[in-house]
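Please read these points with the model open beside them. They are meant for someone who has not worked with it before.

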Amino acid sequence: MVASNSNLKNLKSEVEYRTKLQDICNKINAAAHPDEILIDLKDEIALLFEAKRITIYVVNRRRRELVSRFKSGNEIAEIRVPISTSSIVGCSAFKQKLVNIKNAYDEKELTSIDPVLRFDKSWDKKTGFITKQVLVVPIIFKQYLLGAMQLINRKYNGLFTKIDEQSAKELAKILGIALYNQKRLARARINKFTYLIENNILAQKELDKAIAEARRRREPVEVLLIENLKIPKKEVGKSLSNFYKVPFVEYNEKVTIPGELLAGLKVSFMRSNIWVPLRVEENKIVIAVNNPFDLQKIDEIKSLFGGKELEFCVALNQDILDFIALFTQDEKELAAIDEIISQLQDEAEEAEETESAVDEEDNVVVQLVNKIILDAYAREASDIHIEPYPEKQSTHVRIRVDGNCALYQTIPYSYRNALVSRIKIMSDLDIAERRKPQDGKIEFKKYGGKDIELRVATIPTQGGMEDVVMRILAAGEPIPLDKMGFSKNNYDNFISVITKPYGIIFVCGPTGSGKTTTLHSALGYINKPEVKIWTAEDPVEITQKGLRQVNVKPKIGFDFAAAMRAFLRADPDIIMVGEMRDKETAQIGIEASLTGHLVFSTLHTNSAPESIIRLLDMGMDPFNFADAILCILAQRLIHTLCKDCKQAYHPSREEYDELVREYGEEGFKKNVNIPFSDDMTLYKPKGCDACNNIGYRGRMGIHELLMGTDDVKKLIQTKARMENIREQAIKDSMTTLKQDGIEKIFAGRCDLFQVRKVCIK
């Protein structure tokens, strides 16, 4: 009976012991900050094991030693012990085994554990605390040594039992998880933003507050740093790049869509795991991911690309989601681009590529063409280039924005013919004719919902391929004339001639220099209910209410000359002709201007004086032409400095002298007359998010306006040389294209590099 009561009592004690152990473990598991909970629990843990002292060590890997994090007793502020067999706790950590010492002063017991193991008695001398029993258990998580827990002196002179050993192991396991999570959290909280703190961009208190707020709002800390603390995204990105040791990438709406990389990938999977493929660079697939240290995610991504070499970069969560949206979303009626490309590849695998054309029922190709047109329109592109390559090379789709071409996406080679055929169908072209060029037009409203018009040209290319170029025709109101970038002198002179009752006005320049835009701006300025305006264009690119606009069709004999003759019978006040291509059209235009009509037209010439020689060479009567001419405007488009980031600087004397020399010293003194000074300020490109880091955004015109003065008319009548006409025009206050560009440099709107790109003289 006595034995039975003793067993019952022991069982009850063991249950209480296990309950207390479980309670301690639960508290550690539930703690958001193990440091805070362990300060309170260290005495409770010591009481559980009936130990007089407890010390919990953590590993300092750089010094390869154990450092006390929590301990009882105040005799020593900090204990540092090497991870080696030279001490009891160091030996346990080194061998990653539990050590239970009955008597620390018994050298035989110590050497039985390890021949070099010794107890450093100096600790006892310093503290006055005599060490006897020692129980040490290493704290390990997934084979990584994180620290050690040391219990000293069992109360009542007893020994640490087998149950104590087992409990210590269980507790060490829980501590291992807690310390690992704390270390990971510390790395995320501090190391990710160490660059910001070290460079005084962010204070530690601000970071701690942002982390707490991010946890409450369940948002990434980076979002709060950028939105609330106004830390530039580039600086946050640099900090992430330093931490993850990979490049940082920002969202850019002009990036090329990696069509082939998206094939077969699930959009929902990319969104939920926050990653996206961006491009192929040096035979490596570049992947943007929010956490390059997430090995499980990285392994999953690698498995999707079949052993191909990948290169990872870090990006913010929202930027990655924006990339995914850019690459995949579109109008509601359209499928995502990844689905389109996947369907193309699936169908290509089922059957070899055929030369037969597709029709409007081929849904995948229809969606792909619509997607290309809508994306180009959204990016404010002027042209779309479809460029097939022979053999099994992918088809490139490029778009031109602000005068520069950029790759938009690639299409699997299997569908190059289907793509071209679909565009031909939309343009009402002959899909069977692949040997000669064709021209057509697409009214996209019939196919894609938006009111977009495109001029289409197909051109046979090497390898039996056909290129397609689609010009997106501008819609809406013309640009106001005072927004065209005219200098004050040119603006006043141009207004003075376009408001005259009769005469002829030419705008000249190469293709894409904005001639038609300028003409429509001029027509918009004089477009009143009391005047009748006819225009003949090939094709009509800009529409205006109040204008009667005609598309010429040379194939049926309705060319510019025929349109002009028709207009003269239709009671016009003002006539605009798209281009003076031949003698007949020019002759009719001059005759119309002499019979009381105001005539506008364009020429493909390089300068205003050169236009006069070109028209005389066509066979124009010099006297009639001299009487009719009001002005000739030459223009170019140049890239302007980004308003958000252009950088002010003080030019050197040499740079100033170069600008004066390029302008012409005499003309500079007469027209500009800005002396060099210490406070002179010019601007240069820098680069920001708004301009895609190139320093330029938008374009403006530079102009050369030759007025039809009496002296110029006399030179025309005598068929004078171009140099003589040019000299006279400059005497009559004409500024050349380069001079107008240099004036805009001093106004802070562009730089010499862009002016030189479009000006020869």
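The points below cover confidence, one sheet, one helix and several salt bridges.

1. Basis. This is a predicted model, in which local features need pLDDT of at least 70 and side-chain atom pairs count only at pLDDT 80 or more, while totals for chains, interfaces and linings use all residues. Residues are numbered from 1 along each chain as its sequence is written, and side-chain values use heavy atoms, with hydrogens and water left out.

2. Confidence. The mean pLDDT (the predictor's confidence in each residue, from 0 to 100) is 84 for the protein, and 90% of its residues reach 70 or more. Over residues 330–335 the pLDDT is below 50, and this stretch has 13 contacts (heavy atoms within 4.5 Å) beyond near neighbours in sequence. Residues 348–361 also stay under 50 in pLDDT; for them the model has 21 contacts beyond four places in sequence.

3. The sheet. Helices (H or I, at least four residues) and strands (E, at least two) are DSSP runs, numbered from the N terminus. Six strands form an open sheet in the order E12-E11-E10-E15-E14-E13, with antiparallel pairing (two strands pair if DSSP finds at least two bridges between them). Its edges are strand E12 (404–411) and strand E13 (438–443), each of which pairs on one side only. On average, neighbouring strands of the sheet are turned by 20° against each other, direction ignored. Axes here are lines fitted to C-alpha atoms, for helices over the stretch in contact, and angles run from 0 to 180 degrees between N-to-C directions.

4. Around E13. Strand E14 (residues 453–461) runs antiparallel to E13, and six bridges join the two. Glutamate 443 has glutamate 453 in E14 as its bridge partner. Helix H17 (residues 416–426) packs on the sheet and touches strands including E13, E14 and strand E15 (465–473). The direction of H17 makes about 45° with that of E15.

5. Helix H28. Which residues of H28 are buried? In this helix (residues 722–731), they are Ile725, Gln728 and Ala729, where buried means under 20% relative accessible area, exposed over 50%, and partly exposed in between (1.4 Å probe, protein chains only). Seen down the axis, the buried residues of H28 fall within an arc of 100°, so they line one face of the helix; the arc is that of the directions from the helix axis to the C-beta atoms. Their cover includes helix H23 (608–617), strand E24 (696–707) and helix H27 (710–717). Serine 733, just after H28, takes a positive phi of about 80°.

6. Salt bridges. A salt bridge is a side-chain nitrogen of Lys or Arg within 4 Å of a carboxyl oxygen of Asp or Glu, and by this rule the count comes to 36. In one of them, aspartate 319 meets lysine 233 at 3.1 Å, N to O. This pair links distant parts of the chain, with aspartate 319 in helix H14 (residues 317–328) and lysine 233 in helix H10 (residues 233–244), 86 residues apart. Aspartate 319 is buried, at 4% relative accessible area, whereas lysine 233 is partly exposed at 23%.

7. A pair within one helix. Lysine 371 and aspartate 375 form a salt bridge, their closest N and O atoms being 3.1 Å apart. Both lie in helix H16 (residues 363–378), four residues apart, about one turn of the helix. Both residues are buried.

8. A network. Glu213, Arg216, Arg217 and Glu219 are joined into one network by salt bridges that share partners. Within it, arginine 217 and glutamate 219 meet at 3.1 Å, N to O. Arginine 217 is partly exposed, with a relative accessible area of 30%, and glutamate 219 is partly exposed at 31%.
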